[in-house]
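Student: Could you take a close look with me at one part of this model, the salt bridges? I would like a connected account rather than a list.

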Amino acid sequence: AIYVSDYQALTTEIIMQKKHGLHTTKARILKKRGETLNGREIPQTEQDLLSLPGIGRYIANSYLMFKLQIKRPIVDTNVKRFLYRAFSIEKKTILK
């Protein structure tokens, strides 16, 4: 198994070679995330997860829900778009 913190020592080019389909931006974010964690455990709260590079609300809540068994709302971008359009919701009001 490869852990996120293992990526801190690798170059972006090596990361892209090891993981098929990673674009340069994703490889850089993965490396930066490994450097940020620096051997520490993955955070256990949404706020701490959101402080990691490349982690948004969807990924943070997915991790909390599926890995830690904490009930969290997960709303996909396509579902959000549908709800905005179907119910004429202003994007600034909810579903952040």
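Before we get to them, in which helix of the chain is confidence lowest, and in which is it highest?

Tutor: Happy to! This is a predicted model, so confidence is a good place to begin. The mean pLDDT of the chain is 79, and 70% of its residues reach 70 or more. Confidence is lowest in helix H1, residues 12-18, where the mean is 61; it is highest in helix H3, residues 46-50, with a mean of 94.

Helix H3 also leads us to your topic, as glutamate 46 lies in it. Searching the whole structure turns up three salt bridges, and Glu46 is linked with Arg57 and Arg72 in a network of them. Let us take the network one partner at a time.

The side chain of glutamate 46 meets that of arginine 57 in a salt bridge, with 3.1 Å from N to O. Because glutamate 46 is in helix H3 and arginine 57 is in helix H4 (residues 57-66), this pair ties together parts that are eleven residues apart in sequence. As for their surroundings, glutamate 46 counts as buried, at 16% relative accessibility, while arginine 57 is partly exposed, with a relative accessible area of 42%.

The other partner of glutamate 46 is arginine 72, and here the closest N and O atoms are 2.5 Å apart. Arginine 72 sits in the loop between H4 and helix H5 (77-86), so its pairing with glutamate 46 in helix H3 ties together parts that are 26 residues apart in sequence. Arginine 72 counts as partly exposed, at 29% relative accessibility. The buried acid, glutamate 46, is thus paired with arginine 57 and with arginine 72.

That leaves the pair in helix H2. Glutamate 35 and lysine 31 join their side chains in a salt bridge, 3.1 Å from N to O. These two residues are four apart in helix H2 (residues 24-37), so about one helical turn separates them. In this pair glutamate 35 is partly exposed, its relative accessible area being 40%, whereas lysine 31 is buried, at 18%.

As a general background, side chains of opposite charge can pair when their charged atoms come close. To trace this on your screen, you could start from glutamate 46 in helix H3 and follow the network to Arg57 and Arg72, then turn to lysine 31 and glutamate 35 in helix H2.

Methods. Residues numbered from 1 in each chain as written. Predicted model: local features only at pLDDT ≥ 70, side-chain atom pairs only at ≥ 80, totals over all residues. Heavy atoms only, no water. pLDDT = per-residue confidence, 0-100. Salt bridge = Lys/Arg side-chain N within 4 Å of Asp/Glu carboxyl O. Buried < 20%, exposed > 50% of the residue type's maximum accessible area, 1.4 Å probe, protein only.
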